[in-house]
Amino acid sequence: MKRLSPWSIWFGVLVLALAFQVNGLASGKVKLKLERFDGGFFSIQKPKGWEVVTAGACSSFSFLIRDPSEPSRQIFYFGEVGPVYMFEEQKQIDHQYVNMGGYPCLWLDMPVVNPLSPSNFLGQFHLIARSQLAQRFMPQCPRLENLQVISTTSQASPITGASTELLRAVFVEGGSLGEGLFLVTVAPLLPFTGNPGAGIAYGFLVTGISAPKNEFGDVEGMLAKSIGSLSISKSYVQDCLRKQEAVYEGILKAGKTLSEASDVIMEGWENRNEVDDILSEKRSDAILGKERLYDSDTGEVYEFEVGFYDKYDLDRQSYEMNNLQPLPDGSYDLWMEAPRDGYRHLR
C-alpha cells in the first residue's frame with residue numbers, strides 16, 4: 001500500500017507502541033501464553049505459536065500476528081492503508097485516463113468508500129485486501145469477508161478533517177466466523193477535481209484484535225496485552241523522524257497519547273451493552289444462515305438452518321418437541337446461551 005501522505009508518520013508513531021492496560025490472563029476455554037518475538041528494530045510479546053508477518057517502514061510499518069491453525073485469531077496494525085476512492089466518478093475518470101494511454105494508476109482496483117467513514121472503510125476491507133497494492137504489500141493481510149458492524153463509537157481524531165471510530169464487528173476469515181474490535185481513522189487526501197489521480201483517501205491507525213466468535217470475549221484481554229507490549233527501538237524512531245524532516249519533532253508524547261488509545265479500545269469492550277451483544281448473535285446467525293429457536297417448556301436453545309421454523313410451525317403437532325419458538329428480541333439470557341444442534345435433539 002503505497003505511502004503518499006507526508007503527515008501520516010503521526011499515525012504510524014501513534015500506534016507503534018500501543019500500551020493496553022490489561023490485568024490478568026484470558027479466562028476462557030482458549031488459554032493463550034505469550035512469548036517474546038524479536039523483530040530486530042522492534043519486539044513484541046505474541047501468543048505462543050502464532051506467526052508474525054511484517055511489511056513497510058516508518059509511517060507505513062505494519063504487522064500481522066496470527067494463529068496458523070485458526071485465521072480469525074489475529075492481531076494486526078497497518079500504519080496506513082490506501083489510497084481508496086471517495087467517488088465512483090473519480091474511479092471512472094482514472095479508468096478512462098489509463099485506457100487512453102495515460103500513466104498507470106496503481107490503485108485502480110481499489111474500492112469506492114462513499115461516504116468516507118471508518119465503518120464503511122472497514123466494510124470494504126475485503127476488497128482492499130484483494131487489490132494489487134495490498135497483495136504486493138502483505139499477501140497475508142486480513143480479508144474480513146462479509147463484515148457486519150455491530151457498534152461504532154466516534155473518537156476524537158488526531159488531525160483536522162479526519163474521522164476516527166472504534167468498531168465492533170463480526171466477519172468471516174478463512175471460513176471461520178470471527179468477532180473483533182477495530183480502531184480506524186480515515187482522512188481524505190486529494191479532493192475530487194474531475195482530473196485523474198484525485199478524489200482519494202487513506203485509512204490510518206487500522207488496528208484490530210479478533211478471534212472466533214465463541215471465544216473472543218475470553219481472549220480479547222490477552223490479545224490487547226500482546227499488542228500493547230510492542231516496543232520500537234529509539235534509534236529506529238529517530239531515523240524515521242529524520243527521514244520525515246524536523247517538522248515532526250515534538251509529536252512523540254507516546255505515554256499519554258498511547259494510554260488514551262488503549263483506554264478507548266479496552267473500555268469499548270468492557271462497556272458494551274446487552275443490545276449490542278444480542279445484535280452480534282443475530283448478525284452471526286445471518287452470516288452462517290442459521291436461526292435459533294427455544295423450547296418454552298425447558299428453556300433450551302437450538303440452532304437450525306434458516307427457514308426451518310416456517311415449515312415446523314405448519315406441522316408442529318407431529319413433533320414431540322412441539323413448543324419451539326423464535327427467541328424474543330430482548331431476551332439476553334436466551335441469546336447468550338450456546339445453542340444446541342437442533343436436528344440432533346428434535347423429536
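Which residue of β8 does F171 stand opposite? I looked this up before anything else and found that F171 stands opposite G178 in β8.

Before going on, I noted that the model is predicted, so that local features need pLDDT of at least 70 and side-chain atom pairs count only at pLDDT 80 or more, while totals for chains, interfaces and linings use all residues. Residues are numbered from 1 along each chain as its sequence is written, and side-chain values use heavy atoms, with hydrogens and water left out.

**Strand β7 and its partners.** I took strands as DSSP runs of E with at least two residues, and helices as runs of H or I with at least four, numbered from the N terminus; two strands pair if DSSP finds at least two bridges between them. Strand β7 covers residues 163-173, and 10 of its 11 residues are buried (under 20% relative accessible area, with a 1.4 Å probe and protein chains only). With β8 (residues 176-190) it pairs in the antiparallel sense over 11 bridges, and the two form a hairpin with two residues between them, where G174 in the turn has a positive phi of about 60 degrees. Strand β6 (residues 145-155) also pairs with β7 in the antiparallel sense, over eight bridges, and there T153 stands opposite L166.

**The whole sheet.** I then traced seven strands in an open, antiparallel sheet, in the order β3-β4-β5-β9-β8-β7-β6. Because β3 (51-55) and β6 stand at the edges, each with a single partner strand, one side of each is left without a neighbour in the sheet.

How values were computed: Buried means under 20% relative accessible area, exposed over 50%, partly exposed in between (1.4 Å probe, protein chains only).
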